[in-house]
Amino acid sequence: MQKRAGLAGQVPMNAASKSVLRVVFVTLFLDLVGFSIIFPLFPSMLEHYLLHEGHSGLFGKMLRGIELFSESAGAGPGGTVVLFGGLLGSLYSLLQFLFAPVMGSLSDRYGRRPVLLVSVAGLALSYLLWFFSETFLMLVAARLIGGIMSGNISTATAVVADVTTDEERPKGMALIGIAFGIGFILGPALGGISALLDLTKHWPGLVVYGVNPFSVPALVAFLLSVGNLIFVATNFRETLPKDSVARNRPMRTVNPLKLFHGETYPGVTRTNFAYFLFLSAFSGTEFALTFLAADRFGYGPLGNALMLLFVGVVLAGMQGTYVQRKSAVIGAKRMSVHGLFMAIPGLVLVGFAPHPLVLYVGLFFMAAGSAQVIPCMTALASLYTPADAQGRVLGVFRSLGALARALGPLIACMVYWRLGPAVTYYVVAVFLAVPLIIAQSLPQPGGTLAQDR
């Protein structure tokens, strides 16, 4: 595989490429802030809809199902609330799984810019529906639209691949990781603060229009998306060449089961599988982290918020410094392996942690390992792929990541409530040996391996 040049075949990371990457960074950052605003609100939202709708309608059916699952998993009194939030989050991730490859294929066919514009506008619409979500059904409709449009992350990833050379690819993908890290730091904080203002208490008449106690966080997310739409429309220029072969290529099937079929490009299938296994395990431990901290150290909302803030800072800091500066020297494959090695002792320390200090040391290793694995495996999937198939292949890659984030927390819940926190983290630490072995077996980018089955 030959090394691809940057935008328009110019010098790597020229001014035009850097400008495009800045636009992608801001776009993803605003997207992820809006997406994560809802995270700290799930328990209060459950109480709100339980009070107003009881066990009737869609909410009642979902609640009964969650209660049955909670009982079968051996969850404690708070299990229903936790699983309610997890289920809404899984719904969002499942829709990403289904639509990320579709968005990627559409961007290969029609260009990156129109797909980004439509998806950002769709996200704004989802937040507007949330603003008027008096009923749980309306909230679910808003999350459905948001989950479908969130597949635009695969398009943004393809843009990074368009404008970077092979050597600069891990650095570009790390930029996406930084946007994730900072977005997930700021989003929940904005959600918690903005939820302090309940419009229905100051203007009760707004209730007839569907305004609810969580409309202000929805308004913040909506305004961020509108600003994002204007920013993309005025600053982003098309990065997919007009003569791209992908524009005349048949679109990939939308059958999600076929996403697991092997790609013909060497290295892609194994990279996808390793990434899926890693993220399934890792997202499960992330989800269980607040329960462990509450059970073992009595952490409340503030303690958990500070803990998650620490994780976000380590992620963003590691990707903004070490990964950005050293990935071209170390290589995406080696850095992925290093990250997996680093995450394993972190998981063991978190599972063992008899004191918060040990917990934080373990979290540092977990976050630092993840900060290397995710952008570097994304870079590998891109490096193994021809330029005219970036949107499609990276769409599949992101789609499998979304499926992992949907399944991981549910599996982790069952293991956690059945076997306890320590065993959960020890099991995941051992399990990471599987993606580690797969990562070590990957061909070097630019190699001549004929197939990857």
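Met 377, in this predicted model, has contacts that reach well beyond its own stretch of chain: leaving aside neighbours within four places in sequence, Met 377 is in contact with Thr 271, Ala 274, Tyr 275, Ser 336, Leu 340, Phe 397 and Ala 439. Met 377 is also among the residues with the most contacts inside the largest nonpolar core, which has 123 residues. The chain around this core has 17 helices and zero strands, and of its 453 residues 55% count as buried.

**The nonpolar core and the chain as a whole**

- Besides Met 377, the residues with the most contacts inside the largest nonpolar core are Met 45, Trp 130, Phe 278, Val 350, Leu 359 and Leu 363.
- The largest share of this core comes from helix H11, residues 268-297, which supplies 15 residues.
- Among the contacts in the chain with a separation of 6 or more, 83% are accounted for by residues 24 or more positions apart.

**Two residues of helix H13 that touch Met 377**

- Ser 336 lies in helix H13, which spans residues 332-352, and Ser 336 counts as buried because its relative accessible area is 1%, where buried means under 20%.
- A polar atom of the side chain of Ser 336 lies 2.9 Å from the backbone oxygen of Ala 332, so that this pair falls within the 3.5 Å limit used for a polar contact.
- When residues up to four places away in sequence are not counted, Ser 336 touches Val 373, Cys 376, Met 377 and Leu 380.
- Leu 340 also lies in helix H13, and with a relative accessibility of 0% Leu 340 counts as buried.
- Leu 340 touches Phe 278, Val 373, Met 377, Pro 435, Leu 436 and Ala 439, again without counting residues up to four places away in sequence.
- One of these partners, Val 373, is 33 residues from Leu 340 in sequence, while the two C-alpha atoms are 6.6 Å apart in space.

**The second largest cavity**

- The count comes to two cavities of 30 Å³ or more, and the second largest of them has a volume of about 50 Å³.
- This second largest cavity is lined by Ile 38, Tyr 92, Ser 126, Tyr 127, Trp 130, Ala 142, Arg 143 and Gly 146, and Trp 130 is also one of the residues with the most contacts inside the largest nonpolar core.
- Helix H5 (112-131) and helix H6 (136-149) each supply at least two residues of the lining of this cavity.
- Sorted by class, the lining of the second largest cavity consists of five nonpolar, two polar and one charged residues.

**Gly 122 in helix H5**

- Gly 122 is found in helix H5 and is buried, with a relative accessible area of 8%.
- Not counting residues up to four places away in sequence, Gly 122 touches Ile 145 and Met 149.
- Gly 122 and Met 149 are 27 residues apart in sequence, and their C-alpha atoms are 5.9 Å apart in space.

**Ser 327 in helix H12**

- Ser 327 lies in helix H12, residues 301-330, and is buried, with a relative accessible area of 1%.
- The side chain of Ser 327 has a polar atom that lies 2.8 Å from the backbone oxygen of Val 323.
- Leaving aside neighbours within four places in sequence, Ser 327 is in contact with Pro 170, Lys 171, Tyr 322, Ala 332 and Met 335; of these, Ala 332 is also the residue whose backbone oxygen lies 2.9 Å from a polar side-chain atom of Ser 336.

**Two partly exposed residues**

- Val 207 lies in the loop between helix H9 (199-202) and helix H10 (215-235), and at 32% relative accessibility Val 207 counts as partly exposed because this value falls between the 20% and 50% limits.
- With neighbours within four places in sequence left aside, Val 207 is in contact with Glu 134 and Thr 200; Glu 134 is 73 residues away along the chain, with a C-alpha separation of 7.6 Å.
- Phe 431 has its place in helix H16, residues 421-431, and is partly exposed, with a relative accessible area of 32%.
- Phe 431 touches Leu 277 and Ala 281, not counting residues up to four places away in sequence, and the C-alpha atoms of Phe 431 and Ile 344 are 9.2 Å apart in space, with their positions 87 residues apart in sequence.

Note on methods. Residues numbered from 1 in each chain as written. Predicted model: local features only at pLDDT ≥ 70, side-chain atom pairs only at ≥ 80, totals over all residues. Heavy atoms only, no water. 1 Å grid on protein atoms, 1.4 Å probe; cavity = no way out; pocket = protein on both sides within 12 Å on 5 of 7 lines; lining within 4 Å. Points joined across faces, edges and corners; volume = space filled by probe spheres on them. Helix = DSSP H or I, 4+ residues; strand = E, 2+ residues; numbered from the N terminus. Nonpolar A, V, L, I, M, F, W, Y, C, P; charged D, E, K, R; others polar. Core = buried A, V, L, I, M, F, W, Y, C linked by side-chain atoms within 4.5 Å. Buried < 20%, exposed > 50% of the residue type's maximum accessible area, 1.4 Å probe, protein only. Contact = heavy atoms within 4.5 Å. Polar contact = N/O pair within 3.5 Å; in protein donor to acceptor, adjacent residues only side chain to side chain.
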